[in-house]
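This briefing concerns a predicted model, and it takes up salt bridges, an enclosed cavity and the packing of two helices in turn. Please keep the sequence and the structure in view while reading the points that follow.

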Amino acid sequence: MKKNLSLTGRIVFCIYVAVVFCICCFPCLASAASSDPLAVVNNLSVFVFSLIRAVGMILLGWGIVQVGLSFQSHDPSQRSNGFLTLAGGLVVTFAKEILDLIIS
């Protein structure tokens with residue numbers, strides 16, 4: 001006989017799955033006693049810019065999809081939104097390089 005979980009059972013199961021996923025996929029090392037503070041800040045900067053680059057790549061992909069769909073449906077407003085998303089994705093993807101060019 002098949003039994004369905006109650007609402008509280010589903011919530012508890014979802015929390016359990018989320019905790020197991022976080023423990024398995026996001027291990028953290030806590031040995032920072034011998035690290036240089038500047039190295040820690042530089043590593044954090046590299047991590048943040050890699051996250052920003054990932055968001056930019058997602059925007060690039062979404063912009064390409066929008067432009068492709070606009071050519072299929074012959075919709076000029078969707079085409080302009082697609083090109084704006086594509087340009088924004090390029091700027092976000094190469095934000096670190098753009099900042100390095102501005103600073104130097």
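A search of the whole structure finds two salt bridges. In one of them, E97 pairs with R53, and the closest N and O atoms of the two residues lie 2.7 Å apart. This pair links distant parts of the chain, since E97 belongs to helix α4 and R53 to helix α2, with their positions 44 residues apart in the numbering.

**The cavity**

- When the whole structure is searched for cavities of 30 Å³ or more, one is found, and the volume of the largest cavity comes to about 30 Å³.
- The residues that line the largest cavity are F49, I52, R53, V92, T93, A95 and K96, and R53 is also the residue that forms the salt bridge with E97.
- Two or more lining residues come from each of the elements α2, α3 and α4, the last of which spans residues 95–103, and α2 gives the most, with three residues.
- Sorted by class, this lining consists of four nonpolar residues, one polar residue and two charged residues.
- As general background, rolling a probe the size of a water molecule over the atoms shows where empty space is left.

**The packing of α2 and α3**

- Helix α2, which covers residues 37–73, packs with helix α3, which covers residues 76–93, at an angle of about 160°, and their axes are 7 Å apart.
- Because angles over 145 degrees count as roughly antiparallel, α2 and α3 are therefore roughly antiparallel to each other.
- The crossing in which α2 passes α3 is left-handed, and the contact of the two helices has 13 nonpolar, eleven polar and two charged residues.

Note on methods: Residues are numbered from 1 along each chain as its sequence is written. This is a predicted model: local features need pLDDT of at least 70, side-chain atom pairs count only at pLDDT 80 or more; totals for chains, interfaces and linings use all residues. Side-chain values use heavy atoms; hydrogens and water are left out. Axes are lines fitted to C-alpha atoms, for helices over the stretch in contact, and angles run from 0 to 180 degrees between N-to-C directions. Helices (H or I, at least four residues) and strands (E, at least two) are DSSP runs, numbered from the N terminus. Angles under 35 degrees count as roughly parallel, over 145 as roughly antiparallel, 65 to 115 as roughly perpendicular and the rest as oblique. A crossing is left-handed if the near helix is turned anticlockwise from the far one by less than a right angle, and right-handed if clockwise. Ala, Val, Leu, Ile, Met, Phe, Trp, Tyr, Cys and Pro count as nonpolar, Asp, Glu, Lys and Arg as charged, and the others, Gly among them, as polar. On a 1 Å grid over the protein atoms alone, a cavity is a set of points where a 1.4 Å probe fits but cannot get out, and a pocket is an open set with protein on both sides within 12 Å along at least five of seven lines; lining residues have an atom within 4 Å of a point. Grid points are joined across faces, edges and corners, and a volume is the space filled by probe spheres set on the points. A salt bridge is a side-chain nitrogen of Lys or Arg within 4 Å of a carboxyl oxygen of Asp or Glu.
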